[in-house]
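These are my notes from going through one chain, entry by entry, with the strands taken up before the aromatic side chains.

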Amino acid sequence: DVVAWGVLPMCDQHFRIIKGRFRIPLLRGPVDSNVKKYETFERRYAADLSAWLSNLYLDIRHLPREFNNQATGRRFDEIDYDFEVDYVNGKVRTL
């Protein structure tokens, strides 16, 4: 069961990936898929403060796109991979 949910934009108005420190309000209950804009989300907890559960604080930093292999001492920055990590199931998937 979902206890709370929140929203965070992934890019700014110029479509650059966001970075910095953010406070994410979490609302009680299941995710409402009708919420399409952050403004709608904001109005929901502003109108009914009992819907607000807590805040989640995030510090988003861009990591350098290079990999240093500790075992061999070799540096890999020519090959660029996007990957997804599933910590719950212990799996890594290349996208």
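Entry 1, pairing. I count two strands as paired if DSSP finds at least two bridges between them, and I keep in mind throughout that the model is predicted. With that cut-off I looked up β1 and β2, which are joined by two bridges and run antiparallel. Within this pairing I found W5 opposite L27 in β2. I then turned to β2, residues 20-28, and found eight bridges joining this strand to β3, again with the two running antiparallel. Two cross-strand positions went into my notes here: F22 stands opposite L58 in β3, and R21 stands opposite D59 in β3.

Entry 2, the sheet. Putting the pairings together, I read an open sheet of three strands in the order β1-β2-β3, with antiparallel pairing. Which strands stand at the edges? They are β1 (4-5) and β3 (52-60), and because each has a single partner strand, one side of each is left without a neighbour in the sheet. I also looked at how the helix is placed, and noted that α1, residues 38-47, lies across β1, β2 and β3 and runs at about 55° to β2.

Entry 3, the whole chain. My tally of secondary structure for the protein chain is one helix and seven strands, and read along the sequence they follow the pattern β-β-α-β-β-β-β-β. I noted that 13% of the 95 residues count as buried. The accessible surface comes to about 8500 Å², and 54% of that belongs to carbon and sulfur atoms. For the contacts I took those between residues at least 6 apart in sequence, and 48% of them join residues at least 24 apart.

Entry 4, aromatic pairs. I searched the whole structure for aromatic pairs and found three. For W5 and F41 the ring centres are 5.2 Å apart and the planes stand at 70°, so I recorded this pair as edge-to-face, the cut-off for that label being over 60 degrees. This pair links distant parts of the chain, since W5 is in strand β1 and F41 is in helix α1, 36 residues apart. I then checked how far the two residues are covered: W5 counts as buried because its relative accessibility is 8%, under the 20% cut-off, and F41, at 1% relative accessibility, also counts as buried.

What label does the pair of Y38 and F41 get? Their ring centres lie 5.8 Å apart with the planes at 40°, so I entered the pair as tilted. Both residues belong to helix α1, and because they are three residues apart they are separated by about one helical turn. Y38 has a relative accessible area of 33%, so I listed Y38 as partly exposed. Taken together, ring pairs link W5, Y38, F41 and Y45 into a cluster.

Entry 5, the core. I asked which residues make up the largest nonpolar core, and the list has six: W5, L27, V35, F41, Y45 and A51. I followed L27 further and, leaving aside its neighbours within four places in sequence, found it in contact with V3, A4, W5, F41, R44, Y45, A51, W52 and L53.

Entry 6, the loop between β1 and β2. I looked up two residues here, F15 and C11. Phi of F15 is near 65°, which I marked as a positive value in a residue other than glycine. Is F15 buried or exposed? Its relative accessibility is 69%, over the 50% cut-off, so F15 counts as exposed. C11, by contrast, counts as partly exposed, at 32% relative accessibility. Leaving aside its neighbours within four places in sequence, C11 is in contact with R16, I17 and I18.

Technical notes: Residues numbered from 1 in each chain as written. Predicted model: local features only at pLDDT ≥ 70, side-chain atom pairs only at ≥ 80, totals over all residues. Heavy atoms only, no water. Helix = DSSP H or I, 4+ residues; strand = E, 2+ residues; numbered from the N terminus. Contact = heavy atoms within 4.5 Å. Axes fitted to C-alpha atoms, helices over the stretch in contact; angles between N-to-C directions. Buried < 20%, exposed > 50% of the residue type's maximum accessible area, 1.4 Å probe, protein only. Areas by Shrake-Rupley, 256 points an atom, 1.4 Å probe, with all protein chains shown as cover. Phe/Tyr/Trp six-rings, centres within 6.5 Å; stacked < 30°, edge-to-face > 60°. Core = buried A, V, L, I, M, F, W, Y, C linked by side-chain atoms within 4.5 Å.
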